[in-house]
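Biologist: Could you take one part of this model, the strand pairing, and go through it closely with me? I would also like to hear about the packing and the cysteines afterwards.

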Amino acid sequence: MPNPSRDLSQQPVPVTAGTDSRLLLLFEGDNVFVARMRIRAGETVLVEGNGVTLAADLPLGHKLARRPIAAGEKIVKYGAPIGTATEAIPVGTPVHVHNVKSDYTPTYHLMDANKAEAGR
Amino acid sequence: MSMAIATEVAPVPPGLAQTSTMRGWLRRDGRKGIRNTVVVAYLVECAHHVAREIAIPFREHDVHVIGFPGCYPNPYAETMMQRLCTHPNVGAVLLISLGCESFNKYALERFVRDSGRPVKTIVIQATGGTRKSMEEGRAFVAEQRAALDAEPTVPMDPSELVIGTVCGGSDGTSGISGNPAAGRAFDMFVAEGAACIFEETGELIGCEHIMAARAVTPELGEILEASVAKAARYYATLGYGSFAAGNAEGGLTTIEEKSMGAYAKSGASPISGLIKPGDIPPHGGLYLLDVVPDGEVRFGFPNINDNAEIAELIACGSHAVLFVTGRGSVVGSAISPVVKICANPETYRRMEDDMDVDAGRIIEGRAGLDEVGREIHDLVVDLARGKRTKSEELAHQEFVLGYKSFEPIGPACLPV
């Protein structure tokens, strides 16, 4: 596993121009943003210049693709790989258990009554 | 029911008066406690009820119940119980035995007595059952409580502290705010000469190489990597990672993502050693606690919940435990105060009564990591100046101990 370029205990980097201030970039090389508050379905967020309308709520702490991610590509957060994309992930869409798998052990999560994805 | 003794306990809650300097109770081994607790320890589940009934009238008077539920012997559990009963925060011990269990009550009583602490063993079968054991137990506890409340304290320094850290109910905020802030507090304590312990090798999967690079010797680095490889094998055999359903609901997608967040609790200090449950850090510095059993996989999951991990941190001498939560854990612990650091600002607003630190301010841009790290550091120091944590005020005293097996650590685990 490649080493992160920065000390893990550092502050998040400032959000780049053209990106919604509700999104947090943890490391310069990350391909995901983290929501710093819940963003509601139907809202449009600016992701590095791209306006993206959310199909579902993005809860606090959940991830959004910073750029298009190909199937099989590593998801990079904290400057380190945290899993592999199982499908192509368009810019500005949620990145979670429905399109990412662990490179170590499978993730156990509950589905709600509507079989919706965890956290929705 | 003859429970008259229950009303005879000291009316004033024990503990330190508010002081401007750190104070502690000096033990015979030279360690100092920031609490002066009476422990009531059951030696098999069959004695648990009697132990709990003995402690109930004293629930706001620093009388805590711990114990081991199993009837079959286990060296790990016996070591844990010895370390916990002679923890610096413990002033006196009451052992509750049913009578026929395999736990070596004689060895434990001797170990506690040799530490200079008052100790008594009540064997329920020999005493004549539940009611007589409860009465005899409450009389002993009342007597010890009164004696401990009259004991003087001595000055204490941050360098004398041992502090553990754990995270539970983690979510997508934990690794951004609470865990790195706890890491900053750890860095401050290590710089002051305290011993700081981080743990859960199953939640360091994916971080093993960057962690190994922080070891004080290359040999220790290899040992740190091997401990994570052992954890990965162990969890793979069991079919689940150290990952709960609520972690995913909170935005964490994989164990390695959770690990990267959890790892931030360790701060940035060099790693001085690897210890196992019950090993006490020999001096100040940062230590990794290897919680995953050695040898073939047996006895089930390494730690069945957060409190099993907290008990191990305390058995290693932790005076206090920093607990970072995102989803919102409410637990405390027997013996040592648990400081709850809430990483998620929404959770903090919902569960403020249970949280000591609002680290979610970092997410919302209302505070920096250094500021919250300092706040956590100062709060721990205040625990030795008369302050109590939210979970202590709410009388949380969770305790979990199960079966495990470990090989002793080798000399390369503590190189300096």
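Modeller: Happy to; the sheet comes first, then the cores, one helix, one loop residue and the cysteines.

This is a predicted model, so local features need pLDDT of at least 70 and side-chain atom pairs count only at pLDDT 80 or more, while totals for chains, interfaces and linings use all residues. Residues are numbered from 1 along each chain as its sequence is written, chains are lettered from A and ligands numbered from 1 in the order written, and side-chain values use heavy atoms, without hydrogens or water.

The sheet to look at is an open one in chain B, where three strands line up as E2-E1-E7 with antiparallel pairing. Strands here are DSSP runs (E, at least two residues) and helices are H or I runs of at least four, numbered from the N terminus; two strands pair if DSSP finds at least two bridges between them. On one side, strand E1 (residues 23-26) of chain B is joined to E7(B) by two bridges in the antiparallel sense: B:Arg23 has B:Pro155 as its bridge partner, and B:Gly24 has B:Val154. On the other side, two bridges link E1(B) with E2(B), again antiparallel, with B:Leu26 opposite B:Lys32. E1(B) and E2(B) make a hairpin with five residues between them, and B:Gly30 in the turn has a positive phi of about 95°. Why is one side of E2 and of E7 left without a neighbour in the sheet? Strand E2 (32-33) and strand E7 (154-155) of chain B stand at the edges, each with a single partner strand.

Now the packing. The largest nonpolar core (buried Ala, Val, Leu, Ile, Met, Phe, Trp, Tyr and Cys joined through side-chain atoms within 4.5 Å) has 68 residues, and A:Ile75, B:Leu161 and B:Met211 are among those with the most contacts inside it. Buried means under 20% relative accessible area, exposed over 50% and partly exposed in between, with a 1.4 Å probe and protein chains only. Helix H13 (residues 369-383) of chain B gives the most to this core, seven residues. Beyond its neighbours within four places in sequence, B:Leu161 is in contact (heavy atoms within 4.5 Å) with residues including B:Ile34, B:Met156 and B:Val380. A second, separate core of 44 residues includes B:Ile66 and B:Phe323.

Helix H5 (residues 130-149) of chain B has 20 residues and reaches 28 Å from its first C-alpha to its last, close to the 28 Å expected at 1.5 Å a residue; that expected span is 1.5 Å times one less than the number of residues. Its buried residues include B:Met134, B:Arg138, B:Val141, B:Arg145 and B:Leu148. In general, an α-helix has 3.6 residues a turn, so residues three or four places apart point the same way.

B:Asn74 sits in the loop between strand E4 (63-67) and helix H2 (75-85) of chain B. At 5% relative accessibility this residue counts as buried, and, not counting residues up to four places away in sequence, it touches B:Phe68, B:Phe299, B:Gly402, B:Tyr403 and B:Lys404.

Last, the cysteines: the whole structure has zero disulfides, a disulfide being a pair of cysteine sulfur atoms within 2.5 Å. The sulfur of B:Cys46 has its closest cysteine sulfur in B:Cys71, 6.2 Å away and too far for a bond; B:Cys46 is exposed at 51% relative accessibility. For B:Cys413, the nearest cysteine sulfur is that of B:Cys316, 13 Å away, and B:Cys413 is buried at 7%.
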